[in-house]
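Subject: Structure for you to look at

Hello,

I am passing on the structure we talked about. My notes on it follow below.

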Amino acid sequence: MFRLLVLAGLLLSALADAAEQAPRWSTKDEYLACLKAQASIQARKASLQAQDLELKGRAAKFQAAEADLDEQVKRHPPATKKELESYNQAVAARNASAAALNSASVSLQQASAALNKQILETNAQCGSILVLPEDARAAEEAFRNRSGEQ
């Protein structure tokens, strides 16, 4: 008898847990917010990809200039005071360029981290929502209309 009561209690507990985890239907506005968040993610992603491509181009130019300066110094090391001053100016310019490149790289990494955070938050909020078909159509139409206006 006791075993039967324990089993019945476990069954009721499992049913209560299942009832608590029953899916909740999202509203049109909640779905629309998810559509907007996804569009924002896509726009930020495209912008970061463009920035990354530009940064890689700058890095390639920097490396080419670095190699060129090294080659010039190997062929003709600075011997006079004027050549040494010119070399020091070139090194200072190179260092400033490297600092700017590093700063841009750090900025891009921070923006990428912020995008990743936004993606995780959006996935957590929107990844498992359930929307009635009529609400989904209405939200998608509203999204298209707002997207077309901008």
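A term first: a pocket here is an open set of grid points with protein on both sides within 12 Å along at least five of seven lines, and its lining residues have an atom within 4 Å of a point. Please also keep in mind that this is a predicted model.

Largest pocket

Which element gives the largest share of the lining of the largest pocket? That is α3, with four residues. Helix α2, residues 28-75, and α3 each supply at least two residues of this lining. The full set of lining residues is Leu-69, Gln-72, Val-73, His-76, Pro-78, Glu-83, Ser-86, Tyr-87 and Ala-90. By type, five of them are nonpolar, three are polar and one is charged. The space inside the largest pocket comes to about 200 Å³.

Overall layout and confidence

The chain has four helices and two strands, and from the N terminus these run in the order α-β-α-α-β-α. Of the 150 residues in the chain, 15% are buried. Among contacts between residues at least 6 apart in sequence, 87% join residues at least 24 apart.

The average pLDDT of the chain is 87, and 82% of the residues reach at least 70. Residues 1-10 stay under 50, and the model gives this stretch zero contacts beyond four places in sequence. Where pLDDT is low, the predicted coordinates should not be read in detail.

The disulfide

How many disulfides does the count come to? The count is one disulfide. Cys-34 and Cys-126 are joined in it, with an S to S distance of 1.9 Å. The pair links distant parts of the chain, since Cys-34 sits in helix α2 and Cys-126 in helix α3, 92 residues apart. The torsion about the S-S bond of Cys-34 and Cys-126 is about -85 degrees, so the disulfide is left-handed.

Are the two cysteines buried or exposed? The cut-off for buried is under 20% relative accessible area. Cys-34 has a relative accessible area of 9% and is therefore buried. Cys-126, at 17%, is buried as well.

Ile-129 and Ser-26

Ile-129 is in the loop between α3 (81-126) and β2 (130-131). Apart from residues up to four places away in sequence, Ile-129 touches Ser-26, Tyr-31 and Cys-34, so one of its contacts is a cysteine of the disulfide. The C-alpha atoms of Ile-129 and Cys-34 are separated by 9.4 Å, while the two residues are 95 apart along the chain. With a relative accessibility of 24%, Ile-129 counts as partly exposed.

Ser-26 belongs to strand β1, residues 25-26. Its relative accessibility is 4%, so Ser-26 counts as buried. Leaving out residues up to four places away in sequence, Ser-26 touches Ile-129, Leu-130, Val-131 and Asp-135. Ile-129 therefore appears in the contacts of Ser-26, and Ser-26 in those of Ile-129.

Regards

Note on methods
Residues numbered from 1 in each chain as written. Predicted model: local features only at pLDDT ≥ 70, side-chain atom pairs only at ≥ 80, totals over all residues. Heavy atoms only, no water. Buried < 20%, exposed > 50% of the residue type's maximum accessible area, 1.4 Å probe, protein only. Contact = heavy atoms within 4.5 Å. 1 Å grid on protein atoms, 1.4 Å probe; cavity = no way out; pocket = protein on both sides within 12 Å on 5 of 7 lines; lining within 4 Å. Points joined across faces, edges and corners; volume = space filled by probe spheres on them. Nonpolar A, V, L, I, M, F, W, Y, C, P; charged D, E, K, R; others polar. pLDDT = per-residue confidence, 0-100. Disulfide = S-S within 2.5 Å.
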